[in-house]
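The following note collects several points on backbone geometry and charged side chains for your consideration. Please read it alongside the sequence and the coordinates.

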Amino acid sequence: MPDIRQAKILILATDGFEESELTVPQARLAEAGASVAVSAPQSRESKGTIRGWDKTDWGKEVAVDIDLERVDPADYDALVLPGGQINPDKLRLEPKALEVIRSFFTSGKVVAAICHAPWLLIEAGAAKGRDMTSFASIRTDVINAGGRWHDREVVTDQGVITSRNPGDLDAFCAKIVEEIQEGGHGTRQLAA
């Protein structure tokens, strides 16, 4: 996939995502020419939107393009996982979310996680032996899962992109575009 304008990117989130960590990549990747879809688990209360968290309180709602249960990772070239505390903590309890993350990871596709979203990489078994960063408060979680934690705005390891917080969004988005344009990263193994 050498051209970002042909890329199909999936953003996986649920209520409580850090607002800027979804909306900024969504806008920047679309501006670069990619097709971007937001996916979330369906619930009885679902109105076809998920609600962000904006620093200290609930933020804007974002439209959901595809129900998580209908996602086929083969239809997409890259996966973006926004952070916030609530969002990844809820998603790591969703078997289908972990299945989707594992599929992107093992197929060698770009996987980008920011802030607390590396919790999802840990839960999916994708952190062991990998250079990563995250929000500072989950540094020990990354290390305990076998990841090599670095305090840098963006860390990339074989197409797996991680960043620390909303202040890193410029570097995070630029690295997503760069990694997609570089193409495949081969198969990757999950932790046993």
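1. K96 is a suitable place to begin. In this predicted model, K96 has a relative accessibility of 13% and therefore counts as buried, since the cut-off for that class is under 20%. Its side chain meets that of E99 in a salt bridge, with an N to O distance of 3.5 Å. E99 is partly exposed, at 47% relative accessibility. The two residues both belong to helix 3 (residues 95-106), where a spacing of three residues separates them by about one helical turn.

2. A general remark applies to this pair and to those below. Side chains of opposite charge can pair when their charged atoms come close.

3. How many salt bridges does the model contain? The count comes to eleven. The pairs discussed in this note are among them.

4. D131 and R148 form a salt bridge in which the closest N and O atoms are 2.9 Å apart. This pair links distant parts of the chain: D131 is in strand 9 (residues 131-132) and R148 is in strand 10 (residues 148-149), 17 residues apart. D131 counts as partly exposed at 22% relative accessibility, and R148 is partly exposed with a relative accessible area of 40%.

5. Which residues are linked with D131 and R148 in a network of salt bridges? R130 and D157 are joined to them in that network. I would suggest reading point 4 with this in mind.

6. D89 and R92 form a further salt bridge, the closest N and O atoms lying 2.7 Å apart. D89 has a relative accessible area of 35%, which makes it partly exposed. R92 is likewise partly exposed, at 23% relative accessibility.

7. Turning to the backbone, K55 has a positive phi of about 65°, although it is not a glycine. K55 is located in the loop that runs between strand 4 (49-54) and strand 5 (57-63). With a relative accessible area of 66%, K55 is exposed, because the threshold for that class is over 50%.

8. C115 also has a positive phi without being a glycine, with a value near 70°. Its position is in the loop between strand 8 (110-114) and helix 4 (118-123). Is C115 buried or exposed? At 5% relative accessibility, C115 counts as buried, whereas K55 is exposed.

How values were computed:
Residues are numbered from 1 along each chain as its sequence is written. This is a predicted model: local features need pLDDT of at least 70, side-chain atom pairs count only at pLDDT 80 or more; totals for chains, interfaces and linings use all residues. Side-chain values use heavy atoms; hydrogens and water are left out. Helices (H or I, at least four residues) and strands (E, at least two) are DSSP runs, numbered from the N terminus. Buried means under 20% relative accessible area, exposed over 50%, partly exposed in between (1.4 Å probe, protein chains only). A salt bridge is a side-chain nitrogen of Lys or Arg within 4 Å of a carboxyl oxygen of Asp or Glu.
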